[in-house]
Amino acid sequence: MGYASYEITRNGQKIAAGYAVETVCEEDGCNEQIDRGLAYLCGNEPGGDEYGCGGYYCARHLYLGSGAPVSEGLCKRCDKRWAEQEEEAMI
């Protein structure tokens, strides 16, 4: 499988993904042009995983440093969820 264009299932819906698939950032109100490549992915797996939602976000809306073991980053909501889970685990 190449990563230029492929199909994934996210939230029960099939969508096109890959670095050749142009889209806009999925953060509400953001119109930044991006693609659906792994560099813009929230979490590790296209379609979502235990870390991220599988959405695609621009560099301004993809956060690093939460401590989650992800390749690129997490969106604001998943970053917050991960931080809260880690905080609860320390209690």
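**Contacts, core and salt bridges**

Me: Leaving aside neighbours within four places in sequence, which residues is isoleucine 8 in contact with?
Reply: This is a predicted model, in which local features need pLDDT of at least 70 and side-chain atom pairs count only at pLDDT 80 or more, while totals for chains, interfaces and linings use all residues. Residues are numbered from 1 along each chain as its sequence is written, and side-chain values use heavy atoms, with hydrogens and water left out. If contact is taken as heavy atoms within 4.5 Å, the partners of isoleucine 8 are Gln13, Lys14, Ile15, Ala17, Pro46, Gly47 and Tyr56.

Me: Which elements each supply at least two residues of the largest nonpolar core?
Reply: A nonpolar core is a set of buried Ala, Val, Leu, Ile, Met, Phe, Trp, Tyr and Cys residues joined through side-chain atoms within 4.5 Å, where buried means under 20% relative accessible area, exposed over 50% and partly exposed in between (1.4 Å probe, protein chains only). The largest such core has 20 residues, and those touching the most other members are Ile8, Cys25, Cys42, Tyr56, Tyr57 and Leu74. With helices (H or I, at least four residues) and strands (E, at least two) taken as DSSP runs numbered from the N terminus, the elements that each give at least two residues to this core are β1, β2 and α1.

Me: How many disulfides does a search of the whole structure find?
Reply: A disulfide requires a pair of cysteine sulfur atoms within 2.5 Å. The sulfur of cysteine 58 has its closest cysteine sulfur in cysteine 25, and because these are 3.8 Å apart they are too far for a bond. Cysteine 75, likewise, has its closest cysteine sulfur in cysteine 78 at 3.7 Å, too far for a bond. For the whole structure, the number of disulfides found is 0.

Me: How many residues apart in sequence are the parts that lysine 76 and glutamate 27 tie together?
Reply: The side chains of lysine 76 and glutamate 27 meet in a salt bridge (3.6 Å, N to O), a term for a side-chain nitrogen of Lys or Arg within 4 Å of a carboxyl oxygen of Asp or Glu. Because lysine 76 lies in helix α1 and glutamate 27 in the loop between β2 and β3, the parts that this pair ties together are separated in sequence by 49 residues.

Me: Is glutamate 27 buried or exposed?
Reply: Its partner lysine 76 counts as partly exposed, at 44% relative accessibility. Glutamate 27, by contrast, has a relative accessible area of 9%, and therefore counts as buried.
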